[in-house]
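The following exercises are to be worked with the sequence and the structure at hand. Each consists of a task and a solution in steps.

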Amino acid sequence: MIKNLKTDVLIIGAGPAGLTAALYVARAGKKALVLDGRNPSRMALGYEIENYPGFLSINSQELLNKFLEQASHHGAEILKEDALALALESQPKYVTTKSAFIEAQAVIVATGKPFSKERMIPGEEELTGRGVSYCATCDGPLYRGRDILAYGLSEETTEEVLELDQMGCKVRLVTGRKIKPEYEPELERLKQKGIPLLLNYELKEIKGEKRVEKVVVEKDGQVEEIAVSAVFIFREIPSTALFTKAGLQLDQRQCLVVDRYQRTSLEGVFAAGDVTCGSMQVASAVGEGCVAAMQALAYLRK
Ligand SMILES: Cc1cc2nc3c(=O)[nH]c(=O)nc-3n(C[C@H](O)[C@H](O)[C@H](O)COP(=O)(O)OP(=O)(O)OC[C@H]3O[C@@H](n4cnc5c(N)ncnc54)[C@H](O)[C@@H]3O)c2cc1C
């Protein structure tokens with residue numbers, strides 16, 4: 001069931017840039033809703049930081065927890081879901097996630113290092129919305145009774161695949177090549193439910209004229225084509241494709257173009273942190289998050 005949410009500022013991303021922006025918005029007495037997507041902040045890698053002011057050395061996960069705690073303490077709300085579709089040219093703006101349709105007066109994009117087109121599966125971008133999906137709840141019911149493919153390997157993938165199965169889709173899972181031992185229990189759960197698994201297969205291409213028609217998979221050099229009506233991809237959402245569709249201007253590195261006030265090419269939409277390919281540092285992400293929030297607050301006052 002999709003819920004309708006309203007916020008003053010929607011912040012897409014819960015890294016240092018997004019959480020700093022959320023802190024400033026919430027402390028100013030405005031509603032700040034933060035989306036924290038399936039791929040975690042780069043700070044979640046838990047490296048040691050020696051160049052963040054105020055700490056001789058601090059673990060990045062520990063510092064991230066502090067950012068989160070502080071933003072939440074001042075009233076920012078966190079929704080652990082990806083932004084799947086953006087309508088940013090209108091006023092208000094609308095963003096869709098797996099469980100929510102969000103209306104926001106202003107948006108701050110803080111999604112981290114751009115997920116480049118080069119890392120997309122051939123055919124993925126062209127067929128997104130035409131059989132390629134990132135969300136079982138949103139699009140699964142369209143493929144009830146039909147052969148579909150899911151791609152990924154994580155706890156979330158298991159849940160989404162089981163949801164697709166429960167909806168009545170004939171779903172098969174392609175795991176990709178690197179099956180880590182910690183995912184064995186996930187695979188066991190799927191096996192027990194009778195989900196066909198293509199273990200150690202890689203998804204090489206998605207094909208179709210107007211809609212998804214088939215996929216090309218490969219294992220140990222052997223290539224195979226499988227006819228399917230849809231492909232559900234459960235890994236990072238390709239942010240660059242999402243931004244282009246929303247009408248945001250990207251530069252040649254696929255980074256969001258911003259001015260010195262963190263304003264993007266769209267009115268009421270700001271961006272901060274690695275997504276703008278500035279200094280790619282925690283301190284600069286925090287600084288840009290602060291500027292973006294102050295500009296968003298000024299925009300709300302207009
Ligand atoms: C190994 C390593 C070592 C590093 N060492 C240092 C260091 O010593 N000092 C330093 O200053 N910096 C260091 N960095 C860089 C630093 O981690 C980044 O610059 C910083 O995390 C960028 O912050 P950000 O908020 O822009 O993005 P991130 O921290 O990457 O956060 C991005 C957020 O956006 C969310 N997101 C993405 N897409 C979506 C979507 N579609 N919908 C909803 N949410 C979405 C993600 O889930 C995440 O919450 C290091 C990075 C790495 C990888």
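**Exercise 1. Identify which residue of β16 is the bridge partner of I148, and describe how β10 is paired with its neighbours.**

Solution. The model is a predicted one.

Step 1. The bridge partner of I148 is A230, which belongs to β16. β10 and β16 pair in the parallel sense, over four bridges.

Step 2. β10 is also joined to β11; these two strands run parallel and share five bridges. Within this pairing, L149 has R172 of β11 as its bridge partner.

Step 3. Between β10 and β11 the chain passes through α5, and this β-α-β crossover is right-handed.

Step 4. β10 is mostly covered, with four of its five residues buried.

**Exercise 2. Give the order of the strands in the open sheet that contains β10, and state which are the edge strands.**

Solution.

Step 1. The sheet is open and has five strands, in the order β9-β16-β10-β11-β12, with parallel pairing.

Step 2. The edge strands are β9 (132-133) and β12, each of which pairs on one side only.

Step 3. At the β9 edge, β9 and β16 are paired in the parallel sense over two bridges. Here V132 stands opposite V231 of β16.

**Exercise 3. Compare the expected span of helix α5 with the distance between its end C-alpha atoms, and establish what covers its buried residues.**

Solution.

Step 1. Helix α5 comprises the twelve residues 155-166. At 1.5 Å a residue it should span 16 Å, and because its end C-alpha atoms lie 17 Å apart, the two values agree.

Step 2. The buried residues of α5 are T157, T158, E160, V161 and L164.

Step 3. The elements covering them include three strands of the sheet in Exercise 2, β10 (147-151), β11 (170-174) and β16 (230-233). The cover also includes α4 (136-139) and α6 (184-192).

Step 4. Just after α5, G168 adopts a positive phi of about 100 degrees.

**Exercise 4. Determine whether Y201 and K204 are buried or partly exposed, and which residues each one touches.**

Solution.

Step 1. Y201 lies in the loop between β12 (197-198) and β13 (202-207), whereas K204 is found in strand β13 itself.

Step 2. The cut-off for a buried residue is 20 or more other C-beta atoms within 10 Å. Y201 has 22 such atoms within 10 Å and is therefore buried. K204 has 16 C-beta neighbours inside 10 Å, so K204 counts as partly exposed.

Step 3. Residues up to four places away in sequence are left out of the contacts that follow. Y201 touches V174, T175, V217, E218 and K219. K204 touches V216, V217 and E218. V217 and E218 thus appear in both lists.

Step 4. Two C-alpha distances complete the picture. Y201 and E213 are twelve residues apart along the chain and separated by 19 Å. K204 and K66 are 138 residues apart in sequence and 40 Å apart in space.

**Exercise 5. Describe the hairpin formed by β14 and β15, and state how many residues of β15 are buried.**

Solution.

Step 1. β14 (residues 214-219) and β15 (residues 222-227) are joined by six bridges and run antiparallel. In this pairing, V216 has E225 of β15 as its bridge partner.

Step 2. Two residues lie between the strands of the hairpin, and D220 in the turn has a positive phi of about 50 degrees.

Step 3. β15 is hardly covered: the count of buried residues among its six residues is zero.

**Exercise 6. Trace the pairing of β1, then characterise the shell around the ligand.**

Solution.

Step 1. Strand β1 (residues 3-12) pairs in the parallel sense with strand β8 (residues 100-109) over nine bridges. I11 has I108 of β8 as its bridge partner.

Step 2. β1 also pairs in the parallel sense with strand β2 (residues 32-35), over four bridges. L33 of β2 is the bridge partner of L10. The chain reaches β2 from β1 through helix α1 (residues 16-27), in a right-handed β-α-β crossover.

Step 3. The ligand is surrounded by 35 residues, of which the closest are G13, G15, G37, G112 and G273. Helices α1 and α8 (282-301) each supply at least two residues of this shell.

Step 4. By class, the shell has 19 nonpolar, twelve polar and four charged residues.

Conventions:
Residues numbered from 1 in each chain as written. Predicted model: local features only at pLDDT ≥ 70, side-chain atom pairs only at ≥ 80, totals over all residues. Pairing = 2+ DSSP bridges. Right-handed = clockwise from strand over helix to strand, strands pointing away. Near = placed C-beta within 6 Å. Nonpolar A, V, L, I, M, F, W, Y, C, P; charged D, E, K, R; others polar. Expected span 1.5 Å × (residues − 1). Buried ≥ 20, exposed ≤ 12 C-beta atoms within 10 Å, placed from the backbone. Contact = placed C-beta atoms within 7 Å.
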